[in-house]
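Reader: Please pick one part of this model and go through it closely, then follow it into its surroundings. State each cut-off where its term comes up.

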Amino acid sequence: MIIVKSEAEIDRMREPCAIVRDTLAYVGSKVRPGVTTKELDKYAETYIRLRGAEPSCLGYCGYPASICASVNEEVVHGIPGDRTLREGDIVSIDLCAYKNGFHGDGARTFAVGAIDDEKKKLIRVTEECFWEAVRTLRAGTPLYDIGAAVQAHAEQNGFSVVREYVGHGIGREMHEDPSVPNFGKRGTGIRLKAGMVLCIEPMILAGDRHVRVLDDRWTAVTVDKKPAAHYENTVVIREDGAEILTV
Ligand code: MF3
Ligand code: CO
């Protein structure tokens, strides 16, 4: 069931979403060669709590950290640990905050020092995929127009999109209906309504689309070991467009 939020509920989502935005920027400022992903997790958790929110990911289905930190060929759900980031790596940080009875959710991919041109292009195109999707949004848009826009832009740039992980509705729960795939056929799916709140989150791969999950049962990696990037925001559907709560 897709929950359409009232204006009062959307107002209550603004704060957790602003905290997500600010935490991502703060963690991004700590990304440099030599830092461990566990240290990034601690920076995020401390900051989220300082703002009076809770890190929604911690304990979610047994997840052991406040952020996902996915390095290079890791696509999503990388568990923070003792791995040290090195010059030339990219790291995708995904996190959620809970406050006022609602969740916010966002992700960014950061460069660690100087990175090669393929990784630069991958980060840029992944963000562009998000904005291509936003261009389709208004009341009445068929749901799968979002994925069609993401997929077209990724594939036009020689990249591929993940099929196994998707965006989602968000509100009182971190994951609500509907699923929001990053692929699909234009003109199909349910029609969006004003007041729906969606997480649109392109996960884009430099190589082919195949991923597998590591023995830790969380970390998704590319089979071909080529890099992946992730960019996500929490978005409100409006009559004539969209409002992005996490930028
Ligand atoms: N923030 C992620 C999302 O975009 C969810 C992370 S899974 C968790 O849906 F277990 F880490 F919470
Ligand atoms: Co999400």
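**The cobalt site and its surroundings**

Author: The site of the cobalt ion (ligand 2) is irregular, with angles of 49 to 167° among its 6 donor atoms. Donors are N, O and S atoms within 2.8 Å of the metal, or 3.2 Å for Na, K and Ca; water is not among the atoms, so sites may look incomplete. Irregular is what remains when two sets of rules fail: four donors are tetrahedral if all angles lie between 85 and 135 degrees, while four are square planar and six octahedral if opposite donors are over 155 degrees apart and all others between 65 and 115.

This is a predicted model, in which local features need pLDDT of at least 70 and side-chain atom pairs count only at pLDDT 80 or more, while totals for chains, interfaces and linings use all residues; side-chain values use heavy atoms, without hydrogens and water. Residues are numbered from 1 along each chain as its sequence is written, with chains lettered from A and ligands numbered from 1 in the order in which they are written.

The protein donors of the cobalt ion (ligand 2) are Asp 105 (OD), His 168 (NE2), Glu 201 (OE) and Glu 232 (OE), at 2.0 to 2.4 Å from the ion. Along the sequence, these donor residues follow the spacing D-x62-H-x32-E-x30-E. Asp 105 belongs to strand β5 (residues 102-111) and His 168 to strand β7 (residues 167-169), so this pair ties together parts that are 63 residues apart in sequence. Helices (H or I, at least four residues) and strands (E, at least two) are DSSP runs numbered from the N terminus.

Both of these donors are shielded. Asp 105 is buried at a relative accessible area of 3%, and His 168 is buried at 5%. Buried means under 20% relative accessible area, exposed over 50% and partly exposed in between, computed with a 1.4 Å probe on protein chains only.

Next to Asp 105 in the numbering is Gly 104, also placed in strand β5. Gly 104 is buried, with a relative accessible area of 0%. Its C-alpha lies 6.5 Å from that of Thr 234, although Gly 104 and Thr 234 are 130 residues apart in sequence.

The donor Glu 201 has a contact of another kind: the side chain of Asn 182 reaches the backbone oxygen of Glu 201 at 3.0 Å. A polar contact such as this is a pair of N or O atoms within 3.5 Å; within protein, one must be able to donate a hydrogen and the other to accept it, and residues adjacent in sequence count only if both atoms are side-chain atoms. Asn 182 sits in the loop between β8 and β9 (197-200), where it is buried at a relative accessible area of 1%.

His 168 also takes part in the largest pocket. That pocket is lined by 24 residues, and those nearest its centre are Tyr 60, His 77, His 168, Met 174 and His 175. On a 1 Å grid over the protein atoms alone, a pocket is an open set of points with protein on both sides within 12 Å along at least five of seven lines, as opposed to a cavity, where a 1.4 Å probe fits but cannot get out; lining residues have an atom within 4 Å of a point. The volume of the largest pocket is about 390 Å³; grid points are joined across faces, edges and corners, and a volume is the space filled by probe spheres set on the points. Two or more lining residues come from each of β4 (90-99), β7 and β8 (176-180), and the largest share, 3 residues, is that of β8.

Strand β8 contains Pro 178. A cis peptide bond, with omega about 0°, joins Asp 177 and Pro 178. Most peptide bonds are trans, and most residues other than glycine have a negative phi. Asn 100 departs from the phi rule with a positive value of about 60°. Asn 100 lies in the loop between β4 and β5 and is partly exposed, at a relative accessible area of 32%.
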